[in-house]
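Dear colleague,

I am passing the structure below to you for your files. My findings follow directly after it.

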Amino acid sequence: MTKYIFIDLDETLLDFKRAEKEAVAKALEHFGIEDKESTLALYSKINLSQWKLLEQQKITLPEVKSRRFELLFKELGCDASPESAAEYYEECLGDGAYALSGAEEALKSLLCKGHRLFLASNGTRRVQERRLEKTGLGKYFEKVFVSEEIGFFKPDSRYFEACFSQISGFDRLKAVMVGDSLSSDITGGINAGIETVWLNRFGEKNESAIQPDYEISDISELPGLIENI
């Protein structure tokens with residue numbers, strides 16, 4: 001049975017943490033700031049908090065881009081331009097394309113079995129397109145749905161409804177959302193009324209009220225799971 005499989009990109013197919021660390025280090029160096037581990041960790045924490053606010057519809061994507069550096073520079077006592085840093089960081093992030101082990105093989109297997117694959121990302125279009133091109137993963141997707149273009153962000157059900165409307169013959173009962181984020185991917189799938197698969201690569205204990213339908217620890221497990229759903 002053909003499935004409509006929506007797959008997140010960062011930390012599901014690509015190693016975002018590695019790309020983020022490298023891009024932030026380059027941005028800090030560019031603005032004359034020492035890229036200590038503590039500074040990189042602080043940025044990562046601030047960045048995550050801003051994306052959470054976006055998911056809750058409390059701030060916009062442009063605000064996420066600049067606020068993370070505004071808050072970081074405030075903590076560091078630095079007077080560099082947050083907007084300039086955001087622009088430089090995105091340019092560097094687009095170069096950080098590192099596919100997770102088994103990602104391409106999983107996509108290839110799903111496609112060979114007749115499933116229809118769609119990328120569902122909250123990232124920015126220019127960054128995600130560059131990374132898909134660099135890794136060669138873009139060719140496996142029928143459509144790429146980036147929230148920046150859709151106008152809504154996961155977990156908003158309107159994001160998914162906009163995606164569904166662009167897919168010929170779409171059947172919600174045969175759709176699955178796959179991703180690493182409980183708050184974005186899994187909640188989004190639940191809000192959209194489709195099945196969900198949580199990629200829990202680091203064995204995190206789920207103590208939240210968000211309950212995925214299925215859980216895997218490695219992306220290579222996805223083809224086998226899909227065949228049994």
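Just after α1, G32 adopts a positive phi of about 75 degrees. Please bear in mind that the model is predicted. At the other end of this helix, D15 acts as the N-terminal cap of α1, with a side-chain oxygen placed 3.4 Å from the backbone nitrogen of K17.

The length of α1 can be checked by simple arithmetic. Its 15 residues, at 1.5 Å a residue, should span 21 Å, and the end C-alpha atoms are 21 Å apart, so the expected and modelled values agree.

The buried residues of α1 are F16, A19, E20, A23, V24, A25, A27 and L28. The elements that cover them include α2, α3 (61-76), α4 (82-93) and α6 (125-135).

Within α1, which spans residues 16-30, A19 deserves separate mention. Its relative accessible area is 1%; because the cut-off for burial is under 20%, A19 is classed as buried. Leaving aside residues up to four places away in sequence, A19 touches L93, G96, Y98 and R131. The C-alpha atoms of A19 and E161, which are 142 residues apart along the chain, are separated by 30 Å.

In helix α2, which comprises residues 37-55, we find T39. T39 has a relative accessibility of 4% and therefore also counts as buried under the 20% cut-off. With residues up to four places away in sequence again excluded, the contacts of T39 are L28, E34, L72 and L76. L28, as noted above, is one of the buried residues of α1.

I turn now to the nonpolar cores. In soluble globular proteins, nonpolar side chains tend to be buried together. The largest nonpolar core in this model has 24 residues, of which I7, L13, L107, F141 and L222 touch the most other members. Two or more residues of this core come from each of β1 (4-7), α5 (103-112), β2 (116-121), β4 (175-179), β5 (195-199) and α10 (222-228). The greatest contribution is that of α5, with 4 residues.

Which residues does L222 touch, not counting those up to four places away in sequence? They are I7, L110, V178, V197 and I216.

A second core, separate from the one just described, contains 21 residues. Among them are A19, L40, L72 and A86. Two of these names have appeared above: A19 as a buried residue of α1, and L72 as a contact of T39.

Yours sincerely

Terms used. Residues numbered from 1 in each chain as written. Predicted model: local features only at pLDDT ≥ 70, side-chain atom pairs only at ≥ 80, totals over all residues. Heavy atoms only, no water. Buried < 20%, exposed > 50% of the residue type's maximum accessible area, 1.4 Å probe, protein only. Contact = heavy atoms within 4.5 Å. Core = buried A, V, L, I, M, F, W, Y, C linked by side-chain atoms within 4.5 Å. Expected span 1.5 Å × (residues − 1). Polar contact = N/O pair within 3.5 Å; in protein donor to acceptor, adjacent residues only side chain to side chain.
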